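Open the model in your viewer and keep the selection box at hand. The stops below say what to pick and what is there.

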Amino acid sequence: MENLVLTRIDDRLIHGQVMTAWIKNKGADQVVIVDDGVAKDDFMINVLENAVPDNIAIGIFSKEDAVTFFSEPLEAPTIILAKTPQTLEYMVDNGISIDEIDLGGMGAKEGRERLYHTISTNAEENESFKRLIEKGVDAFIQIMPQNEKVNLKDILNK
């Protein structure tokens, strides 16, 4: 998809220094958060709108509304942020072309096991990543722009 510069999974969504680095690295003018819960939470919407630099546009959508939004050409370099791979899988299954996914930050919580360094996933998330990879999505881990990419397929197959 033209103007889609980064698709990233991070359960913290916009995390100060990390997102600032990615926005600068990718030359993004727009960040789109896709999360059903956040899209209904006025407090979180306000927090996230205040977390991005003033010169960056932000959109916050449910996954259904995101499919509608991304069905039209993007007008600016855009970063997609989601908390889980299932959200992005839904988008792909509904006709949205996502070439690559960067698994940024998924923290430890009940039901998750350590996958790689500080990244934790559960079985359902791992299966979603595997299905995305089978559909031709390049999934990798790259915490910050200066880090090397680590192929997620290799880690999931260990």
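Select T7 first. This is a predicted model, and in it T7 has a relative accessible area of 3%. The cut-off for buried is under 20%, so T7 counts as buried. T7 is found in strand β1.

Now show what surrounds T7. Leaving aside neighbours within four places in sequence, T7 is in contact with I80, L88, I98, E100, I101 and D102. For a longer reach, pick the C-alpha atoms of T7 and N46. They are 39 residues apart along the chain and separated by 22 Å.

Widen the selection to residues 4–10, which make up strand β1. How many of the seven residues of this strand are buried? Six are, so β1 is largely enclosed by the rest of the structure.

**The strands beside β1**

Add residues 78–82, strand β4. β1 and β4 pair in the parallel sense, over five bridges. To see one position, select I9: its bridge partner in β4 is A82.

Next, add residues 100–105, strand β5. The pairing of β1 with β5 is also parallel, over three bridges. Pick D10 and find G105 of β5 opposite.

**The whole sheet**

Show every strand. In what order do the seven strands of the open sheet run? The order is β3-β2-β4-β1-β5-β8-β9, with mixed pairing. The edge strands are β3 and β9, each pairing on one side only.

Go to the β9 edge. Select residues 138–141 for β8 and 150–151 for β9. β8 and β9 pair in the antiparallel sense over two bridges. I141 stands opposite V150 there.

When scanning along any strand, keep one rule in mind: in a regular strand, side chains alternate between the two faces of the sheet.

**A loop stop**

Select S62, in the loop between β3 (57–61) and α4 (63–70). Is S62 buried or exposed? S62 has 13% relative accessibility and counts as buried.

Turn on polar contacts. The side chain of S62 reaches the backbone nitrogen of D65 at 3.2 Å. Not counting residues up to four places away in sequence, S62 touches V34, D35, D36 and A39.

**The nonpolar cores**

Select F70, L88, M91, L103 and L152. The largest nonpolar core has 29 residues, and these five touch the most other members. L88 has already appeared on this tour, among the contacts of T7.

Stay with L152. Setting aside residues up to four places away in sequence, L152 touches L103, L115, F129, A139, F140 and I141. I141 is the residue seen opposite V150 at the β8–β9 pairing.

Another core, of 19 residues, lies apart from the largest one. Its members include M19, A28, V31 and I45. As background, nonpolar side chains tend to be buried together in soluble globular proteins.

**Zoom out**

Clear the selection and show the full chain. There are seven helices and nine strands. The C-alpha trace spans about 40 × 30 × 30 Å along its principal axes. What radius of gyration does the protein have? It has 15 Å, which agrees with the value near 15 Å for a compact globule of 158 residues.

Switch to a surface view. The protein exposes about 8300 Å², and carbon and sulfur atoms supply 45% of that area. Of the 158 residues, 45% count as buried.

Finish with a contact map. Take the contacts with a separation of 6 or more: residues 24 or more positions apart account for 70% of them.

Key
Residues numbered from 1 in each chain as written. Predicted model: local features only at pLDDT ≥ 70, side-chain atom pairs only at ≥ 80, totals over all residues. Heavy atoms only, no water. Buried < 20%, exposed > 50% of the residue type's maximum accessible area, 1.4 Å probe, protein only. Helix = DSSP H or I, 4+ residues; strand = E, 2+ residues; numbered from the N terminus. Pairing = 2+ DSSP bridges. Contact = heavy atoms within 4.5 Å. Polar contact = N/O pair within 3.5 Å; in protein donor to acceptor, adjacent residues only side chain to side chain. Core = buried A, V, L, I, M, F, W, Y, C linked by side-chain atoms within 4.5 Å. Rg over C-alpha atoms; globule rule 2.2 N^0.38 Å. Areas by Shrake-Rupley, 256 points an atom, 1.4 Å probe, with all protein chains shown as cover.
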